[in-house]
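Please read the following account alongside the sequence and the model. It takes the ligand site, then the sheet, then two backbone details.

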Amino acid sequence: MDSTFRRTPNIHLQDLIDGLTSGNRVFLSRAITLIESKRVDDKKEGAELIDRIISNTGKSLRIGITGVPGVGKSTFIEAFGKLLTDAGKKVAVLSIDPSSSRTKGSILGDKTRMDELSKDPNAFIRPSASGSSLGGVASSTREAMLLCEAAGFEIIIVETVGVGQSETVVRDMVDYFLLLMLAGGGDELQGIKRGIMEMADHIVINKADGANIKSAKKARDDYKNAVHLFPPNEADWIIPVGVCSSTEKSGIKDVWMEIDKYQTHTEKNGWFAENRQKQAIKWFHERIQARLEETFYSKPNIKIEIQKREELISSQKLSVRKAVDELFN
Ligand code: GDP
C-alpha cells in the first residue's frame, strides 16, 4: 500500500520535523505513517526522525484504556477527551489492535468513532498501526506516542481491546492504566481476568445511567471489596473504583481527578519516573530480541533449512541441539 508519506516524496526530513514540532497535525500524521512503514528506506528515515525528536519527548501524561468491545471505550474517550480539550489541553488518541489491517478494517479503526473529538482542533486521533505481530504494532504505537509528544500533545490516550496480550503491552507504555467494566456481566462473561484487574490503576464501571445505576453501584462496591484484597502495587496506590456514564457524561470529571491525584502521588514517591525508565529499558530489550529474530529468519533459504531439520528431528535422526548449531553456523 502506498503511504501518505510516499505520496509526497519531496518532503525533507527536516521539513517534516519542523512541521511536526510546530504542532501541525498533517505533518504529525505523515511522520507516523513514516515510522509505521515497512520499506527499508522508510525504516532508515523513520529511525533518524525518532532520534532527532527524542529530546522533545516525555512531557505528556500517558493514559491507557482497556475494556471488552462494547463496554464504551470510544464513547468514554470522546467524553473524557472533550473534557480535557475544553480545559485547553491537547489530547492525542492512539490505539493498539493487533487484528487491525487497513484493508480489512479493524475492531478499533473501522467504525465512525469519536465524532466530536475528531473535529476538535486540540485533538488528534490515529487508529492502530497494522501488522502481524503485537510487538511490532506496539513498537509503532510507542513511537507514534513520542511523535505526538514532540508535536506538543499533553495527554496521550492509548486504547486497546480487551483481548489477547494487548493489555500487558499497553500497560508497559503508559503511566496510568484505566479499566472500563460493565455491571452485571460477571467477570467470566466480560472476559476480564483477575490479572487485568491487578494491572489497573483505576476501575470504572461505565453505563451507570437509567435503570442501570443501581447495579453499577453494586458492582462498584463488589469490585472495591475485591481490590482491597490485592497485594500492594509498586506505585503504592490503592486502586479507586468508580462509576460513570459516558453517554450522560457523568462521573467523567471524577476519573480525571483520580488521574491527577495519581500523578501527584507518584511524582512525589518517585514511581512515575522510575516506571518510565523501566518501561524504556524493557522496550529496548524487546526490540533487541525482535531484531535478532528478524535477522535470523531473513537469512536466505532459512525456511527450507528449518523444514529439512524438522523432518530429521521428528524421526529422531537429528538432535535439536545439533540442528540449532547447524542453523547458526
Ligand atoms: P467500545 O467497543 O468499547 O469502544 O464501545 P462503544 O463506545 O462503541 O460503545 C458501545 C455501545 O454502548 C454504543 O452503542 C454506545 O452508545 C453505548 N454506550 C457507551 N457508553 C455508554 C454509557 O455510558 N451508557 C449507555 N447507556 N450506553 C453507552
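A polar contact here is a pair of N or O atoms within 3.5 Å. The model is a predicted one, and the distances below are to be read on that basis.

By that cut-off, the side chain of Ser-74 makes a polar contact with the ligand, because one of its N or O atoms is 2.9 Å from a ligand oxygen and the limit is 3.5 Å. A ligand oxygen also lies 2.9 Å from an N or O atom in the side chain of Lys-207. At Lys-73 the partner is in the backbone: a polar backbone atom of this residue is 2.8 Å from an oxygen of the ligand. The protein buries 70% of the 580 Å² that the ligand exposes when taken alone.

The shell around the ligand holds 16 residues, and the closest are Gly-70, Lys-73, Thr-75, Asp-209 and Ser-246. By class, the shell comprises 8 polar, 5 charged and 3 nonpolar residues.

Next comes the sheet. Seen in order, its 7 strands run 3-2-4-1-5-6-7; the sheet is open and the pairing is parallel. Strand 3 (123-126) and strand 7 (241-243) are the edge strands, each with pairing on one side only. From one strand to the next, the twist averages 20°. In general, strands of a sheet pair through backbone hydrogen bonds, in either a parallel or an antiparallel sense. Strand 6, residues 202-205, is joined to strand 7 by 3 bridges in the parallel sense. Within this part of the sheet, Ile-203 stands opposite Val-241 of strand 7.

Helix 5, which spans residues 73-86, packs on the sheet and touches strand 1 (61-66), strand 2 (91-96), strand 3, strand 4 (155-160) and strand 5 (176-181). The direction of helix 5 makes about 175° with that of strand 4.

Two backbone details remain. Most residues other than glycine have a negative phi. Lys-249, which is not a glycine, has a positive phi of about 60°; this residue sits in the loop between strand 7 and helix 12 (252-269). Gln-316 likewise has a positive phi, near 55°, and is not a glycine. Its place is the loop that lies between helix 14 (302-314) and helix 15 (320-328).

Definitions and conventions:
Residues are numbered from 1 along each chain as its sequence is written. This is a predicted model: local features need pLDDT of at least 70, side-chain atom pairs count only at pLDDT 80 or more; totals for chains, interfaces and linings use all residues. Side-chain values use heavy atoms; hydrogens and water are left out. A residue is near a molecule or strand if one of its heavy atoms lies within 4 Å of it. A polar contact is a pair of N or O atoms within 3.5 Å; within protein, one must be able to donate a hydrogen and the other to accept it, and residues adjacent in sequence count only if both atoms are side-chain atoms. Accessible areas come from the Shrake-Rupley method with a 1.4 Å probe; for residues, only the protein chains shown count as cover. Ala, Val, Leu, Ile, Met, Phe, Trp, Tyr, Cys and Pro count as nonpolar, Asp, Glu, Lys and Arg as charged, and the others, Gly among them, as polar. Two strands pair if DSSP finds at least two bridges between them. Helices (H or I, at least four residues) and strands (E, at least two) are DSSP runs, numbered from the N terminus. Axes are lines fitted to C-alpha atoms, for helices over the stretch in contact, and angles run from 0 to 180 degrees between N-to-C directions. Contact means heavy atoms within 4.5 Å.
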